[in-house]
Each structure stands twice: as structure tokens, then as C-alpha cells.
Amino acid sequence: IASELKSLMGLVMRDIIGEWYKACVSAEDREFIVNLDELINNAIRTLALRLTDVPMARLACSVEEALTLLKEHSRCHNAAIAQRAPPSASASLEEHAEFDAYVLKEYERTVNFPAEGCLHPGSKDHAHEIRFWRGVFRKIIPLLLPNADSNRPEHSRLIENGAVAIGSDLLSLRCLVPLTDLLSDPDFLNLTVLGIAAKAGKTPTGTPTVDASAKAPDNGKYDPKYDPPSEADDECDSAGAGDEVEWAVERVNGHGE
């Protein structure tokens, strides 16, 4: 767990916090980055230790609740967009904004879980999303970085507190808020599922698990079960895992779906 978290936070430090610091503060002075990196490593060690002691019953309940929320999200979104055709790609920004507002209103009217008509405040106001993540950090940071060393000089504690405050704000604004937007986007979720399905539909040797001799149903609809191996499959075999989503989208679009 600690290794994966360190790898993830290494990318965050390099591409988000590091880029901000070089552009807005200094390209030479690395003291802040080094100090924050040390604090993050300490927090990761504490978090990894806490995660090894999570009760399995609580973890199972959390997974079950997450799946229930995902199922409710899919149901409400499908019900919301079923009432009105989305605007075309050439439509104006105002038309797209109007459609998004309509979908959100219908979504709110349809939702029943965890409470009827209950949506996260961040779905209506981006400022609420920012305040939410800032509040999360205010709760979590004292648990991961207890300031127990009272023998350190006052200026060291001030530097650490400043680094924590700035780092938390950067993670909220530049990392977690965009991540929340991405994970709330049905198109992204659909593409992710397509990518997983495309990868899962192959044997370890890369051969699609379909029966090439099977006959497709004569109903005019595409069914991936009856899609025999083709040159496109061979091309996919040579592609990396990062290309799975693009490959799946091209295959689906090629069948007019």
C-alpha cells in the first residue's frame, strides 16, 4: 500500500505541486518541495499502517455502499437523459449548459439513495466542492501528521504548518476537485468500463475469447459475442494497456453503436 501511495504522490508532487511552485514561486529554491515531500512520506507511512488495521466487516459495508451508490447513480442518470435528446456537437455552449441544468434537475428529482432528492452540495456549486475537500483535509491531516514533537524550534513548526496548509490547498484545488469532476462524468465511467471489458475479453495470449464459428443473430444489432477475431484484434494485441480504452471506443464506434 505504501509503495503505491508513494508512486501516486510522486506524480502529484511532480506534475501538480512542483509545476505550481516552479511557475509561481521559484524554479531554484527547493526547500518547500523537499519539506512537503517529507511530510507526505510521513503521512503515507501513518496511513498505510492504519489501513492494515481496517476491520473487514467495515470494509465490506463500505464496498457494498459504494456499489449501491454507483447503481443509483447509473439509474438516475439514465432516467434523466431519457426524457430529452442531448444537443448536437455543433450546438452552442448555452444549449449545452441548458441541457446539463435540465439533466441535473431531473437527476435530483429521481434520486432515492442515500435520501430522496438528496444531492451533494458540490453538484450545484463548485465552491461547495472546494470547501468540502478543504474540510476533509482539516479532519485528516491531524490524524496523519500529529504534531507531537514539542522540542523542535518554533520556526520549524511554522514552516511545517505552512507547508501542510499550502499543500492541502493545492491538493484540494488542483487534484481532488478535478478528480471528483472526472469520476462524476458518465462518459468517463463508460469508457473505463469499455476498457476493462476489452481487456477482460482476452486470453493471456491476447486472443479474443469468442467463437469464430458462431452465427450472429439476424436482428440487425451488433453483439460483441458474435464478433470473430479480426486484424483490429491483432493490432490491439500489440498495444499497451494504456491504449485499451481508445481501442474499445474505436471498435464500438466502428459498429455504429
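Of the 257 residues in the chain, 25% are buried. The model is a predicted one. Its secondary structure comes to nine helices and zero strands. Read along the sequence, the pattern is α-α-α-α-α-α-α-α-α.

Contacts give another view of the whole chain. Take the contacts between residues at least 6 apart in sequence: 59% of them join residues at least 24 apart. The surface can be summed up too. The chain exposes about 17,600 Å². Carbon and sulfur atoms supply 58% of that area.

Start the walk at helix H1, which covers residues 2–24. H1 bends by about 40°, and the bend is at Met 13. Met 13 is also one of the buried residues of H1. The others are Met 9, Val 12, Ile 16, Ile 17, Gly 18, Trp 20 and Tyr 21. Just after the bend residue come Arg 14 and Asp 15, whose side chains meet in a salt bridge. The N to O distance there is 2.7 Å. Asp 15 has 41% relative accessibility. That value lies between the cut-offs of 20% and 50%, so Asp 15 counts as partly exposed.

Next comes the loop between helix H1 and helix H2, the latter spanning residues 31–51. Ser 26 has its place in this loop. Is Ser 26 buried or exposed? Its relative accessibility is 17%. Buried means under 20%, so Ser 26 counts as buried, loop residue though it is. Its side chain also makes a contact: it reaches the backbone nitrogen of Glu 28 at 3.2 Å.

Now turn to the surface. Which residues form the nonpolar patch there? They are Ile 1, Leu 51, Val 54, Met 56, Leu 59, Val 63, Leu 67 and Leu 70. Together they have about 740 Å² of accessible area. The largest share, five residues, comes from helix H3, which runs over residues 56–81. Leu 51, by contrast, is found in helix H2. The relative accessible area of Leu 51 is 37%. Since this falls between 20% and 50%, Leu 51 is partly exposed.

Helix H3 also holds a salt bridge. The side chains of Glu 72 and Arg 75 meet there, with N to O at 2.9 Å. Why are the two separated by about one helical turn? Because they are three residues apart in helix H3. The partners differ in exposure. Glu 72 has a relative accessible area of 11%, under the 20% cut-off, so Glu 72 is buried. Arg 75 has 36%, so Arg 75 is partly exposed.

Helix H4, residues 93–110, offers a further pair. Glu 106 forms a salt bridge with Arg 109. Their closest N and O atoms are 2.7 Å apart. Both residues lie in H4, three residues apart, about one turn of the helix. How exposed is each partner? Glu 106 has a relative accessible area of 14%, so Glu 106 is buried. Arg 109 is at 59% relative accessibility, and exposed means over 50%, so Arg 109 counts as exposed.

The salt bridges described here are among six that the structure holds. Pairs with a buried Glu include Glu 72 with Arg 75 and Glu 106 with Arg 109.

Notes. Residues are numbered from 1 along each chain as its sequence is written. This is a predicted model: local features need pLDDT of at least 70, side-chain atom pairs count only at pLDDT 80 or more; totals for chains, interfaces and linings use all residues. Side-chain values use heavy atoms; hydrogens and water are left out. Helices (H or I, at least four residues) and strands (E, at least two) are DSSP runs, numbered from the N terminus. Buried means under 20% relative accessible area, exposed over 50%, partly exposed in between (1.4 Å probe, protein chains only). A polar contact is a pair of N or O atoms within 3.5 Å; within protein, one must be able to donate a hydrogen and the other to accept it, and residues adjacent in sequence count only if both atoms are side-chain atoms. Patches are made of residues with over 30% relative accessible area and no salt bridge: like charges are joined within 9 Å, nonpolar side chains (Val, Leu, Ile, Met, Phe, Trp, Tyr) within 5 Å. Accessible areas come from the Shrake-Rupley method with a 1.4 Å probe; for residues, only the protein chains shown count as cover. A salt bridge is a side-chain nitrogen of Lys or Arg within 4 Å of a carboxyl oxygen of Asp or Glu. The bend at a residue is the angle between axes fitted to the seven residues ending there and the seven starting there. Contact means heavy atoms within 4.5 Å.
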